[in-house]
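Please open the structure in your viewer and keep the selection tool at hand. The tour moves from stop to stop, saying at each one what to select and what can be found there.

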Amino acid sequence: MSAMASLLFHLLCCLTVFWLLPLPSHSADPDPLQDFCVANLSASISVNGFPCKPASEVTSDDFFFDGFTQEGNTTNAFASFLTPGNVLSFPGLNTLGISMNRVDFAPGGINPPHSHPRASEVGVVIEGKLLVGFVTTNNVYYSKVLTAGHMFAIPRGLVHFQLNVGDGKALAYTAFNSHLPGAAVVPLNLFASSIPNEVLTKTFQVDADLINTIKSKFRP
């Protein structure tokens, strides 16, 4: 092999490795370095995830979760209830890069517009009829009415919602590629936080009285 050909070959190899190296960073959570890392939720230190419980203290119960066995209480402003199955309620998920939610809807109930900053989402409708939609960063709206057995996918970080458009209750399960996907709920972020009224009146081009009226809907 000539010197020039050898140089080109090594350059190609280097470029290939350089291209492959960033790929793991595309996953929502870091890859685990051991069989499991059951979260020690009471640890005093904080890392990107939770420290591992000592293996000698891990039990079978750490890998099982019964939180989805009961219907959620939908007696609230949104007429829906979300039961999280993430690392905070199911410590065995720590570092596994997965989690789920159960979402119950009363008739007319809504899982209001929100986003998950750390995960993409897939879901399946188990019961009822749901309008599921999301909006892209270019303000393009995608939606469809789904019934039992239908699935949906929500790209990471995009604002989305589910609305019960059927005559009875509805139930859906959602799954995420993060053990703690997070949720930024748009109406609560805007009207149940400490954002000054001046910011909201200028943003929505309305007067302060209307902003205060909306805020009153979200006060405890």
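A residue is called buried when its relative accessible area is under 20%, exposed when that area is over 50%, and partly exposed in between. Please keep in mind throughout that this is a predicted model.

Begin by selecting Cys52, which has a relative accessible area of 38% and is therefore partly exposed. Now add Cys37, which at a relative accessible area of 4% is buried. These two residues form a disulfide, with their sulfur atoms 2.0 Å apart, and a search of the whole structure finds one such link. If you look along the S-S bond, the angle about it is -110°, which makes the link of Cys37 and Cys52 left-handed. Both cysteines lie in the loop between α1 (3-20) and β1 (80-85), so the disulfide ties together parts that are 15 residues apart in sequence.

Next, select the five strands of an open sheet, which follow one another in the order β6-β5-β8-β3-β10 with antiparallel pairing. The edges are β6 (141-147) and β10 (184-185), each of which pairs on one side only. Within the sheet, strand β5 (residues 129-135) is joined to strand β8 (residues 159-164) by six bridges, and here Val135 can be found opposite Val159. On the way to the other edge, three bridges join β8 to strand β3 (residues 110-115), while two bridges join β3 to β10. His114 is a helpful residue to select at this point, since it stands opposite His160 in β8 and has Val185 as its bridge partner in β10.

For the last stop, select Asn101, Asn111, His116 and Glu121, where an unreviewed UniProt entry places the feature "binding site". Although these residues span 21 residues in sequence, no two of their C-alpha atoms are more than 14.0 Å apart, so they gather at one spot. Asn101, Asn111 and His116 from this set belong to the lining of the second largest pocket.

Which strand holds Asn101? Asn101 is placed in strand β2 (residues 99-105), and its relative accessibility of 8% makes it buried. Beyond its neighbours within four places in sequence, Asn101 is in contact with several residues, including Phe68, Leu82 and Tyr173.

Finish with Glu121, which lies in strand β4 (residues 121-127) and is buried, with a relative accessible area of 3%. Its side chain makes a polar contact of 3.2 Å with the side chain of His116. Leaving out residues up to four places away in sequence, Glu121 also touches others, among them Phe152, His160 and Phe176.

Conventions: Residues numbered from 1 in each chain as written. Predicted model: local features only at pLDDT ≥ 70, side-chain atom pairs only at ≥ 80, totals over all residues. Heavy atoms only, no water. Pairing = 2+ DSSP bridges. Helix = DSSP H or I, 4+ residues; strand = E, 2+ residues; numbered from the N terminus. Disulfide = S-S within 2.5 Å. Buried < 20%, exposed > 50% of the residue type's maximum accessible area, 1.4 Å probe, protein only. UniProt positions renumbered as here; feature names shortened; annotations may be inferred. 1 Å grid on protein atoms, 1.4 Å probe; cavity = no way out; pocket = protein on both sides within 12 Å on 5 of 7 lines; lining within 4 Å. Contact = heavy atoms within 4.5 Å. Polar contact = N/O pair within 3.5 Å; in protein donor to acceptor, adjacent residues only side chain to side chain.
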